Each structure stands twice: as C-alpha cells, then as structure tokens.
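Trainee: I have a structure to read and I am new to this. Can we go through some features together?

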Amino acid sequence: MIKVGETIYLELKEDEGETKRLRSKILDIEDGRLFIDFPVDEVNSKPRYFLEGTQFRAIFLGANHVVYLFETEVLGKAERKVPMLVIKDPGQEQYIKIQRREYVRVDSNVDCAVYSPDNRFEPFTTVTSDLSGGGMALVLPSSHELSPDDHLKTWIALGYQSGETHFIAVKAKFIRAYKEQEREIGSFQFLEIDESDRQKIVRFCFEQQLELKRREKLS
C-alpha cells in the first residue's frame, strides 16, 4: 500500500500546542520499519532532526488517490548511502482511510488564465471556485462568450505550503455554467494534462484537505 519513493507527511505536536507539518520521502521499507529522508519543515523547507521515541501522525496518498493516516514514532537513524530516519510502520490494519473519491475536489481560489485555442473568445484571468485532478470550476466574467463543449487552454498557478509555486498548463472542455452567490461559475473537465502535472494538482488538493481538517480540529 505504501511504496518506496512516495511522499509522506508527518504531523508533530509541539510543546506549545502548535502542530508542525513536515514532508519526507520513503526510501526503503523493511520489517515493520520505514526508512525516510530527514523530514523538512513545510513552512521554511529546513530539515528537522528527532530523537528516538518522538511520536508523529503520518499521512500519505495511496492508490486511487485515497488518503491514509497512521500513528508512528522514531525508532532511530540508519547510515546507508545517505543518512535516514527510521520510523515505525504499524501495518496496514492500523492505517486509517480518510476518503475514497477518485479525485478529491476542494474549494480553493487559485489564480488561472484562460485562452481560446481558436480565438473564439478574448483571453481572461480569473480564480477557481474548486479544483480536482479531473477538472475545476472557474468564476466566469460577466461578459464571457463560452458555450458548452468549447475547448480552451488554461494556466493554473498552484501555491504549496512549502512556498513552492508551479504553473500548470491544461486543455479543458467547458461543461456548463451555474449561479452561485451572485457569481456565474463554469464547470470544466480536463481533456489533456500531463500526468506529472495532474499529480501536482492532486498534491495541492491533498494539502488543502489536510489544512481544512486541521482547522476543523482547532475550531
């Protein structure tokens, strides 16, 4: 279920009650142990070092974009080709599944530029209303000239909690428009997208979902 090369997120409860988010990668799996890169802080990208017995909540994205979490702790360090942190793998029976949707759709305002490949309408900039690995909803300008089944090209600016920004180029099809809180929203299906770019969107949605769950716990 969890594989070598996958990104894993670690949540650490600090002494002052704040929850720190860290990011790492699975380098090896062996006998109930996960060998990972030394985790980096999601805010400043600085590596962190932890003592044996430090406890975390670990989160990863499994097959079919299902999010799993489990409780773990530091077992020690390993000196191989590169230094590694060793954490406990409690086994699949202890993994908690968060959701099952093929692509998680999250409400998020992401900057987006929209163009017509055949110049059917004037380019415009806007924001998303929601986003997933399979499509998105955009806030449409009042003077838009889109019709159902129109094809378009979009540039999406994804900002991650680490401070990284990725610009994703996607070809999409306009499905329909609907009203939402006095705004006109357009629903779009992705037609052509590089799979690595789709995974960037999935990662963004994953981070947004985790942040929402963190806020719900604090409220």
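Mentor: Start with a definition: contact means heavy atoms within 4.5 Å. Keep in mind that this model is predicted.

Trainee: Which residues is Arg203 in contact with, leaving aside its neighbours within four places in sequence?

Mentor: They are Tyr9, Arg23, Tyr160, Ser162 and Glu164. Arg203 itself sits in helix H1, residues 195-218. You can also look at C-alpha separation. Arg203 and Val170 are 33 residues apart along the chain, and their C-alpha atoms are separated by 16 Å.

Trainee: Next, backbone angles. What sign of phi do most residues other than glycine have?

Mentor: Most of them have a negative phi. Now look at Asn119. Its phi is positive, near 60°, and Asn119 is not a glycine. Asp149 is another non-glycine residue with a positive phi, about 80°.

Trainee: Where are Asn119 and Asp149 found?

Mentor: Asn119 is in the loop between strand S10 (111-115) and strand S11 (124-131). Asp149 is in the loop between strand S12 (135-139) and S13.

Trainee: Why does Asn119 count as exposed?

Mentor: Exposed means over 50% relative accessible area. Asn119 has 69% relative accessibility, so it counts as exposed. Asp149 has 52%, so it counts as exposed too.

Trainee: Which residues make the nonpolar surface patch?

Mentor: Tyr115, Trp155 and Phe167 make it, and its area is about 340 Å². Trp155 lies in strand S13, residues 151-159.

Trainee: How does Trp155 count, with 36% relative accessibility?

Mentor: Partly exposed means between the 20% and 50% cut-offs. Trp155 is at 36%, so it counts as partly exposed.

Notes. Residues numbered from 1 in each chain as written. Predicted model: local features only at pLDDT ≥ 70, side-chain atom pairs only at ≥ 80, totals over all residues. Heavy atoms only, no water. Patch = residues over 30% accessible without salt bridge, like charges linked within 9 Å, V, L, I, M, F, W, Y side chains within 5 Å. Areas by Shrake-Rupley, 256 points an atom, 1.4 Å probe, with all protein chains shown as cover. Salt bridge = Lys/Arg side-chain N within 4 Å of Asp/Glu carboxyl O. Helix = DSSP H or I, 4+ residues; strand = E, 2+ residues; numbered from the N terminus. Buried < 20%, exposed > 50% of the residue type's maximum accessible area, 1.4 Å probe, protein only.
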